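Thank you for making the time this morning. I would like to walk through a handful of residues, taking each with its place in the fold and its exposure.

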Amino acid sequence: MKIYCLTLGCAKNRVDSECLAGALSAAGHSLVSSVEEAEAAIVNTCSFIRPAVEESIEAILDLEELKKEGKLKKICVAGCLVNRYESELPKELPSVDFWARTEEWEELLRKLNTPGDGKRRRGALPSSPKFTRYLKISEGCDNRCTYCAIPAIRGRLRSLPVELIVREANQLAAEGAKELCVVGQDLTVYGSDRGEKDGLFELLDALESSLPRDIWIRLLYLHPSRVTRKLLERVAAGRQLLPYLDIPVQHGAPQILAAMNRGIEPEALRAIFRTAREINPDFALRTTCMVGFPGEKRRHFEELTDFVKEVRFDRMGAFSFYPEEGTEAAKMEGQLSERTKKKRLAELMRLQEEISFERQLRFEGRELKVLVERVAAGEGYAEGRSFREAPEVDGIIEIRGVREDLKEGDVVTVRITEAMTHDMSGEEI
């Protein structure tokens with residue numbers, strides 16, 4: 001059967017879809033790049049926050065219209081939305097033929113009358129990037145932050161075996177990947193569900209010893225309460241590990257951090273980033289911050305902005321608190337107005353843009369290794385990323401005056417000639 005798979009949500013969901021693609025291909029189905037080519041469509045949904053739920057529902061309704069018009073035979077809805085609202089969805093969306101919870105790929109294959117063999121296979125979707133791939137090392141989360149529904153949706157922490165991860169990483173490298181982004185809800189706890197004390201370190205050792213030496217390894221999503229000097233030094237000294245870490249702090253006021261159940265004090269947070277910059281002043285540090293948490297007074301917000309001014313993150317993603325159904329924070333007193341949240345978010349991002357630009361200026365006149373992702377040879381430029389830019393969430397580096405034989409997937413040395421708030425430009429050496 002020709003199947004179109006639409007993936008919504010995060011990079012971890014993309015990995016799930018690629019594993020589903022591997023199972024479907026092994027069972028004899030073919031993945032197509034557009035819904036117009038398909039006989040059946042699968043939506044791998046996200047339901048982390050209400051806007052993600054709404055996006056998932058809209059996508060399903062669009063497919064229902066195609067089915068009514070006779071352009072689709074079957075619709076399957078899979079993933080987080082099913083995990084969260086399994087009992088309600090069939091009544092609301094009767095045109096959907098099959099439902100599957102996260103990673104229930106064997107059940108989905110049975111519903112398609114093509115039973116699988118139960119083996120995990122990493123496939124590729126027509127939309128999968130070739131040179132940067134995501135490597136998911138665990139599922140679920142035990143952190144229990146009061147604003148987050150992930151533990152209820154995805155369950156408790158479950159670490160994948162080292163051997164499986166290493167095998168999958170080498171498969172992706174053999175398929176052309178030049179960069180592997182290691183993801184999970186929280187990388188720092190990898191292996192702790194099996195009683196391992198240094199599971200992440202052992203995994204990094206295994207990856208670096210088995211992968212080709214030119215593969216970049218980028219770590220994303222580390223809970224700050226377990227980011228130690230030992231981990232920072234291991235990343236900085238890594239043969240293939242990039243000096244880039246995504247450490248979501250969420251806030252800088254002790255009262256708000258406690259209400260969020262983040263398990264760390266502001267001074268301990270500051271120490272992480274001071275240590276990182278002591279080890280390597282160029283360490284690329286990304287974070288996530290939340291404004292408008294219940295009970296956040298103006299003074300708490302100012303503690304957050306003071307914290308950001310002191311740490312000087314290279315990159316930041318920020319968002320307003322949303323009272324997500326089923327979370328403790330949704331029931332807390334002191335909910336803020338949308339107007340206040342919007343105003344504070346804008347103020348925080350203006351501050352971060354100034355800091356980001358200042359950090360970018362450090363690299364004018366310097367040389368960086370850049371992974372080329374797009375070549376516009378006819379227009380004389382290319383685009384890529386260095387160690388400082390994670391895919392999809394950070395900026396790009398524009399390479400000007402490119403040579404004719406430059407190819408996507410090449411890693412080249414670029415001298416930076418101009419820094420901007422999020423992007424940079426330069427010339428190949």
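Let me begin with the surface, where Glu54, Glu55, Glu58 and Asp62 gather in a patch of negative charge, and I should say at once that this is a predicted model. Of these residues I will follow Glu54, which has its place in helix α2 and which, at a relative accessibility of 42%, counts as partly exposed. That value is neither under 20%, which would make Glu54 buried, nor over 50%, which would make it exposed, and so the intermediate label applies.

From there I turn to the loop between β3, residues 40–45, and α2, residues 50–68, because that is where Ser47 lies. Is Ser47 buried or exposed? Its relative accessible area is 0%, so with the cut-off for burial set at under 20% it is buried. Which residues does Ser47 contact, once its neighbours within four places in sequence are left aside? They are Ala52, Val53, Cys80, Leu81, Arg84 and Ile153.

A second buried position is Gly79, which is found in strand β4, residues 74–79, and which has a relative accessibility of 1%. If we again discount residues up to four places away in sequence, Gly79 touches Asn44, Thr45, Ala100, Arg101 and Thr102. It is also worth looking at Gly79 together with Val43, since the two are separated by 36 residues in sequence, while their C-alpha atoms are 8.0 Å apart in space.

Finally, I would like to look at two backbone angles. As background, most residues other than glycine have a negative phi. Asn113, although it is not a glycine, has a positive phi of about 60°. Asn113 sits in the loop between α5, residues 105–111, and β6, residues 132–136, and its relative accessible area of 67% is over 50%, which means that it is classed as exposed.

The other case is Tyr221, likewise a residue other than glycine, whose phi is positive and near 70°. Where does Tyr221 lie? Its place is in the loop between β10, residues 216–219, and α9, residues 229–237. With a relative accessible area of 23%, Tyr221 is partly exposed, because that value is not under the 20% that burial would require.

To put the labels side by side before we discuss them: Ser47 is buried and Gly79 is buried, Glu54 is partly exposed, Tyr221 is partly exposed, and Asn113 is exposed.

Key. Residues are numbered from 1 along each chain as its sequence is written. This is a predicted model: local features need pLDDT of at least 70, side-chain atom pairs count only at pLDDT 80 or more; totals for chains, interfaces and linings use all residues. Side-chain values use heavy atoms; hydrogens and water are left out. Helices (H or I, at least four residues) and strands (E, at least two) are DSSP runs, numbered from the N terminus. Buried means under 20% relative accessible area, exposed over 50%, partly exposed in between (1.4 Å probe, protein chains only). Contact means heavy atoms within 4.5 Å. Patches are made of residues with over 30% relative accessible area and no salt bridge: like charges are joined within 9 Å, nonpolar side chains (Val, Leu, Ile, Met, Phe, Trp, Tyr) within 5 Å. Accessible areas come from the Shrake-Rupley method with a 1.4 Å probe; for residues, only the protein chains shown count as cover. A salt bridge is a side-chain nitrogen of Lys or Arg within 4 Å of a carboxyl oxygen of Asp or Glu. Lys and Arg count as positive and Asp and Glu as negative; His and the chain ends are not counted. The place of a charge is taken as NZ of Lys, CZ of Arg, CG of Asp or CD of Glu.
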